[in-house]
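Please open the model in your viewer and keep the selection panel at hand. The tour begins with a selected residue and proceeds to the whole chain.

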Amino acid sequence: MFEGQPKGLYALALANTGERFGYYTMLAIFVLFLKANFGLSPGMAGTIYSTFLALVYFLPFIGGILADKFGYGKMVTIGIIAMFAGYVLLALPLGSGTLALACMFSALLVISTGTGLFKGNLQVMVGNLYDSPEYASKRDSAFSIFYMAINIGALFAPTAAVKIMEYAQQSLGVSVNDSYHFAFGVACVSLIISMAIYYASRRTFKHVEGNIKQTSAGKETAKVEELSPSETKDRIIALCLVFAVVIFFWMAFHQNGLTLTYFADEFTAKSSTGLESMMFDVWNLVAIIFIVYGLFSLFQSSTGKGKAISGIVILLALAFLGYRYSSLNGSVPVDAPIFQQFNPFFVVALTPVSMAIFGALSRKGKEPSAPRKIGLGMLVAACGFILMMFSSFGLLTPVAQSEAIQAGTASFVSPNWLISTYLVLTFGELLLSPMGISFVSKVAPPKYKGMMMGGWFVATAIGNYLTAVAAWIWGDMPLWIVWGVLVGVCLVSAVFIFSVMKKLEKVA
């Protein structure tokens, strides 16, 4: 998995980790901030959230076009600077009036513009590292590593948001609403770290910073593939078909920051005890990750020294977990944003498991193609929301639950429902997202690489905007209907992609 990769992969992945940490720290609390600070309804907060996400994922299309002309590195640099300025603006505690609202919208516009220049072009640079025949066979594993690095940043983000807010309230005496701005300030710091990593390691990937003409002229880059107009057309059509499907995956998946967060805030138990409570401490999750990777290293290491080191890591992680369990004293609070740590945790922990499974299938000649994995990912996502349907049978509507909370008569469900849903959705994500990005990088006609990677983000943007559909019906509707809508779109999308599978596999 990690052997034989170019150094530039790790440099770009770490730079992206810092940026994603800041982004997900902000996103973990964003809809709760909109409701608390500005008194917005769930539907209006959902509309702002979905529009912001849509811009974050649409603007890489424009960024890709600009990068194809001016170079990927230039766009990434401008993007980092713009994002930093946006997070600074969002971190200013300006209250809840018109000025605060205007500054918040301005900050979202600047952040989304910067992300549009940064996000897609950084991934194109990763893909360009593997245009060389020396590394071509490692492209899929590289994007899995890159995707895992993104989620390492996202793993710590919810805890950072919750802890910095608690610190601001308890130690600095600020109000709950003002404490949100301290969490937004974390993103400013993470952007500085991201910039430092990018420029300190630039020599390892500088040869892929230019546009396609510049990189194809470099000595270290393979000759650009020549395609006929017909082949170019077939590839673009295939990519557009994939884009049409992933719209609905992201519509469902990005409920994690919207209706799933509403569910965590309004319907899920506010405290946890015993073994279950250990899941809400991010350091316990990190220890589990060490155990998973230690086990893989233990069985894959070819030297006694390697096996010994792996064994020591596993024992230390187990001892840490044992100590933490023995130190439990009563219940621990469960804050709604903290649930967003489970998706990145599962991504990081399960990525080597996923790669091992598909590696074994590949050796037997039975590994599914990238388009087939995307179709399977849609089916798995549907299963995740079927689980939410089961958890919601018999629950009040959100409006009735709000009234019951005020009256002190509300009942809450176990956090395990949400955690299990995140586990299932993560399986779907691992099948779809890194493989989809790899598919675009591999299939896109060379002179349209930036635009086609931008197309992936446009599809994601449309899906993100459609996340608001679930928020619009969050109110008087029974909860099982909200989740049922998401199940339906996932199943329809799966049927569609399997119906055009031959066309997709032809170009793959």
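Helices in this tour are DSSP runs of H or I with at least four residues, numbered from the N terminus. The model itself is predicted.

**First stop: Asn128**

Select Asn128, which belongs to helix α4, a helix covering residues 98–128. Is Asn128 buried or exposed? Residues under 20% relative accessible area count as buried. With a relative accessible area of 5%, Asn128 is therefore buried. Next, display the residues around Asn128: beyond its neighbours within four places in sequence, the contacts of Asn128 are Tyr72, Val208 and Lys449.

**Second stop: Asp68 and Lys449**

Keep Lys449 on display and add Asp68, a residue of helix α2 (residues 42–70). Asp68 has a relative accessible area of 17% and is buried. How far apart in space are Asp68 and Lys449, C-alpha to C-alpha? The distance is 7.7 Å, although 381 residues separate Asp68 and Lys449 in sequence. Lys449 thus links two stops of the tour, as Lys449 is also in contact with Asn128.

**Third stop: Asn343**

Move to helix α13, which comprises residues 342–363, and select Asn343 within it. The relative accessibility of Asn343 is 7%, and the residue counts as buried. Which residues does Asn343 touch, apart from those up to four places away in sequence? They are Asn151, Phe253, Tyr422, Thr426 and Glu429. Show the side chains of Asn343 and Thr426, which are joined by a polar contact of 2.9 Å. For a wider view, add Glu19: the C-alpha atoms of Asn343 and Glu19 lie 18 Å apart, with the two positions 324 residues apart in sequence.

**Last stop: the whole protein**

Clear the selection and switch to a cartoon of the protein, which contains 20 helices and two strands. The radius of gyration is 23 Å, close to the 23 Å given by the globule rule for 508 residues, so the protein is as compact as a globular protein of that length. Rotated onto its principal axes, the C-alpha trace spans about 70 × 60 × 45 Å.

Colouring by burial places the selected residues in context: 56% of the 508 residues are buried. Of the contacts with a separation of 6 or more, 86% are between residues 24 or more positions apart.

Finally, turn on the surface. Its accessible area is about 20,700 Å², and carbon and sulfur atoms account for 67% of it. Colouring by charge shows 32 positive and 24 negative side chains, the centres of the two sets being 10 Å apart.

Definitions and conventions:
Residues are numbered from 1 along each chain as its sequence is written. This is a predicted model: local features need pLDDT of at least 70, side-chain atom pairs count only at pLDDT 80 or more; totals for chains, interfaces and linings use all residues. Side-chain values use heavy atoms; hydrogens and water are left out. The radius of gyration is taken over C-alpha atoms; the globule rule is 2.2 Å times the number of residues to the power 0.38. Buried means under 20% relative accessible area, exposed over 50%, partly exposed in between (1.4 Å probe, protein chains only). Contact means heavy atoms within 4.5 Å. Accessible areas come from the Shrake-Rupley method with a 1.4 Å probe; for residues, only the protein chains shown count as cover. Lys and Arg count as positive and Asp and Glu as negative; His and the chain ends are not counted. The place of a charge is taken as NZ of Lys, CZ of Arg, CG of Asp or CD of Glu. A polar contact is a pair of N or O atoms within 3.5 Å; within protein, one must be able to donate a hydrogen and the other to accept it, and residues adjacent in sequence count only if both atoms are side-chain atoms.
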